[in-house]
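Here is a short briefing on one protein model. It covers internal spaces, sheets and helix packing, in that order.

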Amino acid sequence: IWYNVGSVDEDYGKSGLAHFLEHLMFKGTSKYPGGFFSSYISRNGGSENAFTSYDYTAYYQIYPSQHFEKIVELEADRMKNLTLTKKNVEIERKVILEERFQRIESDPSSRLDESMRSVLFPNHYYGRPIIGWKHEIQDLNFDDVMKFYKKHYIPNNATLVLSGDVDLKKAKKLSKKYFGRIKEGRKQKRNMLVDPDMSTNVFVGMKHPTVKQDVWKKFYRTHSYKDNLKRSISLDLGLKILASGSSSLLYKILVEEKKIFSVVGGYYQGMTKGEGSVYLYAIPKEKLKLQNINKIIMDEIRKIIDKGLDKKRFDIEKKRYFYDIVYNRDGILNPAQIFGESLTIGMKINDILKWDEKLNDIRIDDVEESLLNFLSNKNFVIGGLSN
């Protein structure tokens, strides 16, 4: 079940609230207290988890299909009847603060990423960490959590995705039986802030004694799949050719041939309601200034684009991309993940079903154009990690 609520829906000063509530959703209800839900799933051979993003919060269970009705009942029950105490909130706050310490504060690379995003998105909620700023997590209280829960955890703010041995008629009947009892709330209108274009070059440095190798990073703001599906697939495909893995062009030239870096790579992330992102990274073999690393990599990208992409290489990557689409729909969890995320960020079912058709229409000229546009994108921040 995908709730149309993420960290972008938090008020300023309340960062981490969506993630905080995700943790607390496992605390039980008056009818099914404590860990009943989790225990029921595990003793019937199933598994579960949850995750929070900027744009959504999702909860999933994998279980034998004969338990479908009970799972729907349990999920609907905690949508409406979550039982929390101030003690629950205080205990879970300590857990989340420890999680933040483990994932971010004790990891220089993550701390650099956090700082870079805050610069890249100076106005948008995407500039705040999903887990929240430490000082704001410390100030979140029971009333904050309950207000957020009652405001956003309502049937008309959620999408139920079922994958596997599912009878559609039965699924609709049972969904109506359990979720239909819950009163619809007022859907919240999101205040989707927009960031100004960046007019200055920004360099963010992070020094830490535990860093063994210097790391260069470059984060961009760009269009998302929701904005333009064809243009986004073209950019994704282009960056796979340029920077994805040890078979990429940048790796072949800058790691294997010129031996300037031990690692170089990058990728596109466009499954967002707001702007998407491009991430580039490199580890130089010798001490280099951030500006010099940036020039080396961008000059090489420019040479590749000016020369033109190799048609054979393009065809291979396009075919590999197509196979990835097929494989990503395999299994029980993957299709639910794809459809749930896509629908929640505002895409249509038809966009997903016809993804391969969109890919088929993309020519080498489309990919070269997307890379040229990427090269002229000035909305970026450069970061460096060193000892």
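This is a predicted model, and 2 cavities of 30 Å³ or more are found in the structure. The largest cavity holds about 80 Å³ of space. The second largest has a volume of about 50 Å³. There is also a largest pocket, with about 810 Å³ of space. Two open sheets follow, one of 4 strands and one of 5 strands.

**The largest cavity**

- The lining of the largest cavity consists of 13 residues.
- Nearest the centre of the largest cavity lie Gly 28, Thr 29, Tyr 32, Phe 37 and Arg 78.
- Two elements give two or more residues to this lining: α2 (36–43) and α3 (68–80).
- By class, 6 lining residues of the largest cavity are nonpolar, 5 are polar and 2 are charged.

**The second largest cavity**

- Which residues line the second largest cavity? They are Asn 4, Asp 9, Lys 151, His 152, Ile 154, Asn 157, Gln 188 and Arg 190.
- This lining divides into 1 nonpolar, 4 polar and 3 charged residues.

**The largest pocket**

- About 810 Å³ of space lies in the largest pocket, and 34 residues line the pocket.
- Closest to the centre of the pocket are Tyr 54, Arg 103, Arg 117, Ile 130 and Tyr 279.
- Both helices and strands give two or more residues to the lining: α1 (17–24), α4 and α5 on the one hand, and β2, β6 (215–222), β7 (261–269) and β8 (276–284) on the other.
- The lining of the largest pocket has 14 nonpolar, 9 polar and 11 charged residues.

**The sheet of 4 strands**

- The strand order in this open sheet is β2-β3-β1-β4, and the pairing is antiparallel.
- Strands β2 and β4 (158–159) stand at the edges, each with a single partner strand, so one side of each has no neighbour in the sheet.
- Strand β1 (residues 2–3) runs antiparallel to β3, joined by 2 bridges. Tyr 3 has Thr 57 in β3 as its bridge partner.
- Helix α1 packs on this sheet and touches β2 and β3. The direction of α1 makes about 165 degrees with that of β2.
- Strand β2 (residues 47–52) and strand β3 (residues 57–62) run antiparallel, joined by 6 bridges. The bridge partner of Glu 48 is Gln 61 in β3.
- How many residues lie between β2 and β3 in their hairpin? There are 4 residues between them.

**The sheet of 5 strands**

- This open sheet has the order β5-β9-β6-β8-β7, with mixed pairing.
- Its edge strands are β5 (203–207) and β7, and each pairs on one side only.
- On average, neighbouring strands of this sheet are turned by 15 degrees against each other, direction ignored.
- Strands β7 and β8 run antiparallel and are joined by 8 bridges. Opposite Val 264 stands Ala 282 in β8.
- Helix α9 (residues 229–243) packs on this sheet, where α9 touches β6, β7 and β8. The direction of α9 makes about 170 degrees with that of β7.

**Helix α1 against helix α7**

- Helix α1 packs with helix α7 (residues 142–152) at an angle of about 85 degrees, and their axes are 10 Å apart.
- That angle makes α1 roughly perpendicular to α7.
- From α1, the residues in contact are Leu 17, Ala 18, Leu 21 and Leu 24. They meet Asp 144, Val 145, Phe 148 and Tyr 149 in α7.
- By class, this contact has 7 nonpolar residues, no polar residues and 1 charged residue.

**Helix α4 against helix α5**

- The axes of helix α4 (residues 86–105) and helix α5 (residues 108–120) come within 7 Å. They cross at roughly 90 degrees.
- Are α4 and α5 roughly parallel or roughly perpendicular to each other? They are roughly perpendicular.
- On the α4 side, the contact holds Arg 100, Arg 103, Ile 104 and Glu 105. The partners in α5 are Ser 110, Arg 111 and Glu 114.
- This contact divides into 1 nonpolar, 1 polar and 5 charged residues.

Terms used
Residues numbered from 1 in each chain as written. Predicted model: local features only at pLDDT ≥ 70, side-chain atom pairs only at ≥ 80, totals over all residues. Heavy atoms only, no water. 1 Å grid on protein atoms, 1.4 Å probe; cavity = no way out; pocket = protein on both sides within 12 Å on 5 of 7 lines; lining within 4 Å. Points joined across faces, edges and corners; volume = space filled by probe spheres on them. Nonpolar A, V, L, I, M, F, W, Y, C, P; charged D, E, K, R; others polar. Axes fitted to C-alpha atoms, helices over the stretch in contact; angles between N-to-C directions. Parallel < 35°, antiparallel > 145°, perpendicular 65-115°, else oblique. Contact = heavy atoms within 4.5 Å. Pairing = 2+ DSSP bridges.
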